[in-house]
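Welcome, and please take a moment with the sequence and the fold before reading on. The report below moves from the whole chain to a few of its residues.

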Amino acid sequence: GYSPLTYFNMLKIQQACYLLEHSNLSITAIANSVGFDNGLYFSKTFHKKKGASPKAYRIKIRGTE
């Protein structure tokens, strides 16, 4: 029920969530690894989809920065 582009972006955000939970990579490194060239655009897109910034999401899930 999603367009190919929407589905692809959902997959990128899912992968970013996994990396935020299970790695110590920086937000910028995660953004680059999932295909975002611009860290600010990644953060805005992530916040729009998940309701929190990547940093806030990591803190909520892991309990630490």
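## Overall picture

Helices here are DSSP runs of H or I with at least four residues, numbered from the N terminus. This is a predicted model, and its chain holds 4 helices and 0 strands. Read from the N terminus, the order of elements is α-α-α-α.

How does the chain's radius of gyration compare with that of a compact globule? The chain has 11 Å, which agrees with the value near 11 Å for a compact globule of 65 residues. Taken along the principal axes, the C-alpha atoms fill a box of roughly 35 × 20 × 20 Å. Of the 65 residues, 28% count as buried. Among contacts between residues at least 6 apart in sequence, 48% join residues at least 24 apart.

## The nonpolar core

In soluble globular proteins, nonpolar side chains tend to be buried together. In this chain, the largest nonpolar core has 12 residues: Ile13, Ala16, Cys17, Leu19, Leu20, Ile30, Ala31, Val34, Phe36, Phe42, Phe46 and Tyr57. Two or more of these residues come from each of helix H1 (4-22), helix H2 (27-33) and helix H3 (39-50). H1 gives the most, with 5 residues.

Alanine 31 is one of the core residues. Leaving aside residues up to four places away in sequence, alanine 31 touches Phe36, Gly39 and Phe42.

## Helix H3 and its two sides

H3 has 12 residues and spans 16 Å from its first C-alpha to its last, close to the 16 Å expected at 1.5 Å a residue. Which residues of H3 are buried? They are Phe42, Thr45 and Phe46. Seen down the axis of H3, the buried residues fall within an arc of 100°, so they line one face of the helix. The cover over these buried residues includes H1, H2 and helix H4 (54-62). On the other side of H3, Leu40, Lys44 and Lys48 are exposed.

Both ends of H3 are worth a look. At the start, a side-chain oxygen of asparagine 38 comes to within 2.8 Å of the backbone nitrogen of leucine 40. After the helix comes glycine 51, whose phi is positive, near 80°.

## Phenylalanine 46

Phenylalanine 46 lies in helix H3 and belongs to the largest nonpolar core. Its relative accessible area is 0%, so phenylalanine 46 is buried.

What does phenylalanine 46 touch, not counting residues up to four places away in sequence? Its contacts are Ile13, Ala16, Cys17, Leu20, Gly51, Ala52, Ser53, Pro54 and Tyr57. Glycine 51, which follows H3, is thus on this list as well. As for a position far off in sequence, the C-alpha atoms of phenylalanine 46 and lysine 12 are separated by 9.5 Å, although the two are 34 residues apart along the chain.

## Arginine 58

Our last stop is a charged residue, arginine 58, in helix H4. Is arginine 58 buried or exposed? Buried means under 20% relative accessible area, and arginine 58, at 8%, therefore counts as buried. The side chain of arginine 58 reaches the backbone oxygen of leucine 25 at 2.9 Å.

Conventions: Residues are numbered from 1 along each chain as its sequence is written. This is a predicted model: local features need pLDDT of at least 70, side-chain atom pairs count only at pLDDT 80 or more; totals for chains, interfaces and linings use all residues. Side-chain values use heavy atoms; hydrogens and water are left out. A nonpolar core is a set of buried Ala, Val, Leu, Ile, Met, Phe, Trp, Tyr and Cys residues joined through side-chain atoms within 4.5 Å. Buried means under 20% relative accessible area, exposed over 50%, partly exposed in between (1.4 Å probe, protein chains only). Contact means heavy atoms within 4.5 Å. The expected span of a helix is 1.5 Å times one less than its number of residues. The arc is that of the directions from the helix axis to the C-beta atoms. A polar contact is a pair of N or O atoms within 3.5 Å; within protein, one must be able to donate a hydrogen and the other to accept it, and residues adjacent in sequence count only if both atoms are side-chain atoms. The radius of gyration is taken over C-alpha atoms; the globule rule is 2.2 Å times the number of residues to the power 0.38.
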